[in-house]
Every structure is written in C-alpha cells, then in structure tokens.
Amino acid sequence: MFAIKDKLMEFDDEAEHRRLFRVETNSPQRKAVFSLEQGGSLPGKTTKNSVIQSFKIVILSNKLNLLLPFGPLAILVHYLTDNKGWFFLLSLLGITPLAERLGYATEQLACYTGPTVGGLLNATFGNVTELIISIIALKNGMIRVVQLTLLGSILSNMLLVLGCSFFCGGIVFSRKQQVFDKGNAVLNSGMLLIAVMSLLFPTLLHYTHSEVHAASSELVLSRSTSCIMLVAYAAYLFFQLKSQPSFLTESEETWDDDEVPEISKWEAIIWLLIFTAWVSLLSGYLVDAIEGASVSWNVPISFISVILLPIVGNAAEHAGAIMFAMKDKLDLSLGVAIGSSIQISMFAVPFCVVISWMMGEQMDLNFQLFETATLFISVIVVAFFLQEGTSNYFKGLMLILSYLIVAASFFVHQDPDQDDT
C-alpha cells in the first residue's frame, strides 16, 4: 500500500494519478474498498472541482465545443434576418456539441451509480436530443416530422454509425478479422425485426383498407402496440442488465479501464440540466425552421428530417462507436450503434405515440409504405452482416454505401403527407 502511495506522489497530473491508482488497485479486495461503483474515490483525492475547473473540464477540453457559439449566433440570425436556411444550418451546428456533451454528462453521472443504474441512465438520456426535438415537434402538430426524424435516427445508427465503426476498425486491424458476440448480435437483430413488425402492421392495415372501423382501427392498433413495445423494451433492459452475465462483465472491464469520473456527481447533474435546457431551447427554433429551410434550400422535408437531423443527434454515438472499434472493442461498438437503434425503435417511437395520445394528437405507427419498406430492407441487410459474428472494412464500406443509397432515395422522395407537417 505504501508503494502505491509513493508512486502516486510522483505524479502532478491528476488524470495520471487516477489512472495509476486504478491499475495498481485492480484486485478484487481493492475494488471492494475503492470501487467508484460504490461511491468511492481516490485516497486523499476528490472529484469535486471549482466552477472554473468544472468549466474547463466540460467545455474547454473538447474541440467539438468550438461549435457551441453557433447556437447563440443562430438565435441572433433568427431575429435579425428572415433567412431560414442559414438559421437552420447554424442551429444544427450549435446542437451538435450539445448532443455530445449530454452523453458525456450522463456517462459521468453513471460513474457514481454502478453499471445497472448507469445502463438505465444511458438508456434514458442516450437519445435525449431526438426525444426533445420530437416532443417539441409534437407540440407544434408536426407529427410527420417526428416520424421521419425517429426513422432517420434508426437508419443512421444501423447503417452509418455501424458502417463507419466496421470500416475504421477494419482499417486499423487490417491483418486480422475482428470478432464480436454473435449471440448478442443475433438477439439485437431480432429486436430490430420486432420493431419493424410493429410498424409494418399499422401500415399494412392502412394500405389494404381492411380496418374494422375506418380511421380509428389504425390508431387503436398503434397505441396498443406502442404499450406492448414499451413493455418489451423494459424486459430487454432487464435481460441485458440483470440476466446476461457477459454484459455486466464487459461493463465492469470497461469501467476499470476508462470510467474514472472527471467531475463530481452534483456537477454532472447540474451540467446535464444545463445542456438539456439549452438543447430544448435550440430545438424549438430548429423545428420552427424546418419548413423554411426546405423551401430555401429546395430540399424535401423528408430528406432534412431523415438524414440531416439524425446525423446531428447521433454525433456522440458516431464518435464513440468508432473509437471503440479502433480499440478492437466491437461489442461496445455494436452496443452503441445497434443498441441506440433498438432504443429509438422500441422506446422512443412508442413513447412519442403515447405522449401524443396524452397531448390529444393522433400520431400512429403508420410511417407510410416507402419509409417502412426502407427500414425493413435496412434491418435485413444489417442482420445478414451481423450473423457471422465478424467484421472487416468491406462490411463497413457496404453499410456506408447502403446509407448513401437511402440518403439519395429520400433526396428525391416527395412525402405524401408533406402538406400536413
């Protein structure tokens, strides 16, 4: 123990201080005493920072935060000019670092709760940007924008984020084939197919004109299915966090290597509230500018909602998944990319249906034939690439190209409900 203290005294840098301590105290006995999962901290050290230190850690330590000034600039442009295109672009740029910092604050808070509650926190706040945009759009009666944005987020995570992860990981480890848990991947593919099934039946009911009660059966089916999907997602979370040992083991290993908190618990909560409020404010302006940006750029609303908005919301997932793949931690990459797709399809989509029900709006699970078919084909493609439990740069490239095909399709797709948004 004295040898450990002597080594710690050699370091002035606090990050190195904590890293060495975690390495030197990696035995089960040391974990029982000092584990951060139980609220412990380094001997003689705390993670409590002054306001200035906290600001430096959270705001000044990330280069992506150079985009933060675009948020206030977007609001300024909104009141000084009528150019919706510029305003929408600046809002997108301003929200991008906020989405990433929301994920950071959530991870820091999860360091004090342990893997189980931490997993629930990440499940709740992992896609909070999309949820905020969706709820604001629902308040404005823009149901179609909500559907398209959530659909785009699922497609972006499945094809673009996962594709970039496979591609970058395959380039870094070009001389070997990367592997991941095949059983977990197949399970996740099954969850995505259940999500597609939930969207497919209301769509088929609509297009086959086979409703028992015209104009109401489709809505009743969507609401009841949404409730079932929320139960299924809760069961999925319970299975992942409580009933699957490999998941918890991997979380423990990742915790030991990387998850030393940089800020205190209350700092994380305060920053989480600040970023959530700022995202909510910018999202309100962003949603109001969608139609104007569509006219200004001469781009379909469906393309903006399905392609542009989700890329911003998934910025944090994109960077995290690629980083894990380049460290040969593909199971974590899949957890970020596919896990986020499951979260949106099995939680965010039905949650928005229930919220709209409470608001008196009539959002259903009929995402229209073109959009539902796109999602179904994309899930099938991803499921085929995951079934072997291996990845390489070629699979990643194919997923990226598939996403480009989807993007091109929505660029020339005229949404039938565009006038209703």
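Visitor: Is D328 buried, exposed or partly exposed?  What is its relative accessibility?
Guide: In this predicted model, D328 has 27% relative accessibility, so D328 counts as partly exposed.

Visitor: With which residue does D328 form a salt bridge?
Guide: The partner is K176, and the closest N and O atoms of the pair are 2.5 Å apart. The two residues belong to distant parts of the chain, 152 residues apart. D328 sits in the loop between α15 (315-326) and α16 (330-359), while K176 sits in the loop between α9 and β1 (178-179).

Visitor: And K176, buried or partly exposed?
Guide: K176 has 44% relative accessibility, and therefore counts as partly exposed.

Visitor: How many salt bridges does the structure hold?
Guide: There are three salt bridges in the structure. As general background, side chains of opposite charge can pair when their charged atoms come close.

Visitor: What does E371 form a salt bridge with?
Guide: E371 pairs with R144, with 3.0 Å between the closest N and O atoms. This pair also links distant parts of the chain: E371 is in helix α17 (residues 369-386) and R144 is in helix α9, 227 residues apart.

Visitor: Are E371 and R144 buried or exposed?
Guide: Both residues, E371 and R144, are buried.

Visitor: Which side chain meets E388 in a salt bridge?
Guide: The side chain of K395 does, at 3.4 Å from N to O. E388 counts as exposed because its relative accessibility is 52%. K395, at 9% relative accessibility, counts as buried.

Visitor: Changing topic: which residues touch the most other members of the largest nonpolar core?
Guide: They are F88, M158, L162, I338, L375 and L386, in a core of 99 residues. The helix that gives the most to this core is α9 (residues 143-172), with 15 residues. In soluble globular proteins, nonpolar side chains tend to be buried together.

Visitor: What does F88 touch?
Guide: Leaving aside residues up to four places away in sequence, F88 touches L286, A289, I290, A293, W297, I304, L308 and L309.

Visitor: Which residues make the nonpolar surface patch?
Guide: I194, M197, F201 and L204 make a nonpolar patch of about 350 Å² on the surface. L204 belongs to helix α10 (residues 182-207). With a relative accessible area of 37%, L204 is partly exposed.

Visitor: How many disulfides does a search of the whole structure find?
Guide: The search finds zero disulfides. In the case of C164, the nearest cysteine sulfur belongs to C168 and is 6.0 Å away.

Visitor: Is C164 buried or exposed, and what about C227?
Guide: C164 is buried, with a relative accessible area of 14%. C227, in contrast, is partly exposed, with a relative accessible area of 35%.

Visitor: Now the whole chain. How many helices and strands does the secondary structure come to?
Guide: The chain has 18 helices and two strands.

Visitor: How many residues are in the chain, and what percentage count as buried?
Guide: The chain has 421 residues, and 51% of them count as buried.

Visitor: What area does the chain expose?
Guide: The chain exposes about 19,300 Å², and carbon and sulfur atoms supply 66% of that area.

Visitor: Last one: among contacts between residues at least 6 apart in sequence, what percentage join residues at least 24 apart?
Guide: Among those contacts in the chain, 82% join residues at least 24 apart.

Notes: Residues numbered from 1 in each chain as written. Predicted model: local features only at pLDDT ≥ 70, side-chain atom pairs only at ≥ 80, totals over all residues. Heavy atoms only, no water. Core = buried A, V, L, I, M, F, W, Y, C linked by side-chain atoms within 4.5 Å. Buried < 20%, exposed > 50% of the residue type's maximum accessible area, 1.4 Å probe, protein only. Helix = DSSP H or I, 4+ residues; strand = E, 2+ residues; numbered from the N terminus. Contact = heavy atoms within 4.5 Å. Patch = residues over 30% accessible without salt bridge, like charges linked within 9 Å, V, L, I, M, F, W, Y side chains within 5 Å. Areas by Shrake-Rupley, 256 points an atom, 1.4 Å probe, with all protein chains shown as cover. Salt bridge = Lys/Arg side-chain N within 4 Å of Asp/Glu carboxyl O. Disulfide = S-S within 2.5 Å.
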